[in-house]
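This report covers helix packing, the nonpolar core and ring contacts. Keep the sequence and the 3D view open while reading.

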Amino acid sequence: MRAGEFAKWTRRFEDERERRHAQGDPHWGQGATLHPAVWAGIQRFQVGEDGDGANLVAKADQARDPDYARAVRLFVAEEQNHARLLAGLLAAGGIPTLTSHWSDTVFVRLRRLMGLRMELLVLMIAEVVALRYYQLLRDGTDDSLTSEVAGRILADEQRHVPFHCERLHASLTELPRPLRRPVMALWRLLLFAVSLVVAADHGPALTRLGIGRLRFVVDIMASSGAVVSAVLVPRPDTWSSAA
């Protein structure tokens, strides 16, 4: 990509960091009350958000684009803040965090298999699933603290997806044109498989949040079409209007 192409993303992440600092934390003292199944789902997502992002940062450095590398570090910091917010929410409800979960272990191992392109493709699966989950968590409970925390995370995720789409677009242009659509078709197939697993694993929580397993999968796959288009066309930012 042209030098400085990702400078705009660095500015966006930095602006958001300043806004977040000015806003401060939610009022944890109000506590949170949720069904045990919903708490269990939050615990699993908290594990997935937690991590140092060292592998992604190292691959971003190898891309030889200082603006992109800086933006990735700011992205990782936002993901770590999500883990902190979810840990705070769990603490407000008297629920412990988990030290690990099999789903996070599988995703981490998949992401580390190859280079930056593979890392981002797998990461994008988690991000697209997270978009639907945090929307449900924001809108599907009567607990104000939960809704606030989920809403903050959702707003970040809605920026993260087009950010990754833009880098994936640049990465796919390095492939022969006939291979680009098949790569994204395989990505959607893997997304479908992961969505089925998540729906099965979080079924009781999804029911409590007002949606069935099948509807959850259908919604994720419906949103994935806009993601694929954003990766394949030159203007990935257009995805945000579909979010």
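## Helix H6

In this predicted model, helix H6 is mostly covered: 18 of its 24 residues are buried. From first C-alpha to last, H6 reaches 34 Å. That is close to the 34 Å expected at 1.5 Å a residue.

Leu137 has its place in H6. Is Leu137 buried or exposed? Leu137 counts as buried, because its relative accessibility is 0% and the cut-off for buried is under 20%. Leaving aside residues up to four places away in sequence, Leu137 touches Val38, Ile42, Thr146, Ser147, Ala150 and Leu209. One of these contacts, Ser147, is 10 residues from Leu137 in sequence. The C-alpha atoms of Leu137 and Ser147 are 6.5 Å apart.

## Overall fold

The protein has 10 helices and 0 strands. Read along the sequence, the pattern is α-α-α-α-α-α-α-α-α-α. Of the 243 residues, 49% are buried.

Contacts across the sequence are well represented. Among contacts with a separation of 6 or more, 81% join residues 24 or more positions apart.

## The largest nonpolar core

The largest nonpolar core holds 64 residues. Which members touch the most other members? They are Ile42, Tyr134, Phe163, Trp187 and Phe216. Helices that each supply at least two residues of this core include H1 (7–23), H2 (36–49), H3 (54–62) and H4 (66–92). H6 (116–139), H7 (144–172), H8 (177–201) and H10 (213–232) also each supply at least two. H6 gives the most, with 14 residues.

Phe216 shows how such a core member is surrounded. Outside the residues up to four places away in sequence, Phe216 touches Val129, Arg132, Tyr133 and Leu136, among others. Its list of contacts also includes Ser195, Val198, Ala199, Leu206 and Ile211. Ile42, another of the members that touch the most others, is among the residues that Leu137 touches.

## Helix H7

H7 has 29 residues. Its first and last C-alpha atoms are 42 Å apart, close to the 42 Å expected at 1.5 Å a residue. Why is H7 described as largely enclosed by the rest of the structure? Because 24 of its 29 residues are buried.

Asp143 caps the N-terminal end of H7. A side-chain oxygen of Asp143 lies 3.4 Å from the backbone nitrogen of Leu145.

## Aromatic pairs

How many aromatic pairs are there? The count comes to 10. In one of them, the ring centres of Trp9 and Phe13 are 6.4 Å apart. The planes of Trp9 and Phe13 meet at 40°, so this pair is tilted. Trp9 and Phe13 are 4 residues apart in helix H1, which means they are separated by about one helical turn. An α-helix has 3.6 residues a turn, so residues three or four places apart point the same way. Trp9 is buried, with a relative accessible area of 2%. Phe13 is also buried, at 1% relative accessibility.

Phe13 and Phe163 form an aromatic pair too. Their centres are 5.2 Å apart and their planes are at 85°, an edge-to-face arrangement. Phe13 belongs to H1 and Phe163 to H7, 150 residues apart, and the pair links these distant parts of the chain. Phe163 counts as buried, at 0% relative accessibility. Ring pairs link Phe6, Trp9, Phe13, Tyr68, Phe75 and Phe163 into a cluster.

## Charges and polar contacts

Two members of the ring cluster, Trp9 and Tyr68, have an arginine over the ring. Arg12 lies over the face of Trp9, at 4.3 Å from the ring centre. The charged end of Arg167 sits over the ring of Tyr68, 5.2 Å from its centre.

Asn81 is found in helix H4. Asn81 counts as buried, because its relative accessibility is 11%. Its side chain makes a polar contact of 2.9 Å with the side chain of Arg84.

Notes. Residues numbered from 1 in each chain as written. Predicted model: local features only at pLDDT ≥ 70, side-chain atom pairs only at ≥ 80, totals over all residues. Heavy atoms only, no water. Core = buried A, V, L, I, M, F, W, Y, C linked by side-chain atoms within 4.5 Å. Buried < 20%, exposed > 50% of the residue type's maximum accessible area, 1.4 Å probe, protein only. Contact = heavy atoms within 4.5 Å. Expected span 1.5 Å × (residues − 1). Phe/Tyr/Trp six-rings, centres within 6.5 Å; stacked < 30°, edge-to-face > 60°. Lys NZ or Arg CZ within 6 Å of the ring centre and 35° of its normal. Polar contact = N/O pair within 3.5 Å; in protein donor to acceptor, adjacent residues only side chain to side chain.
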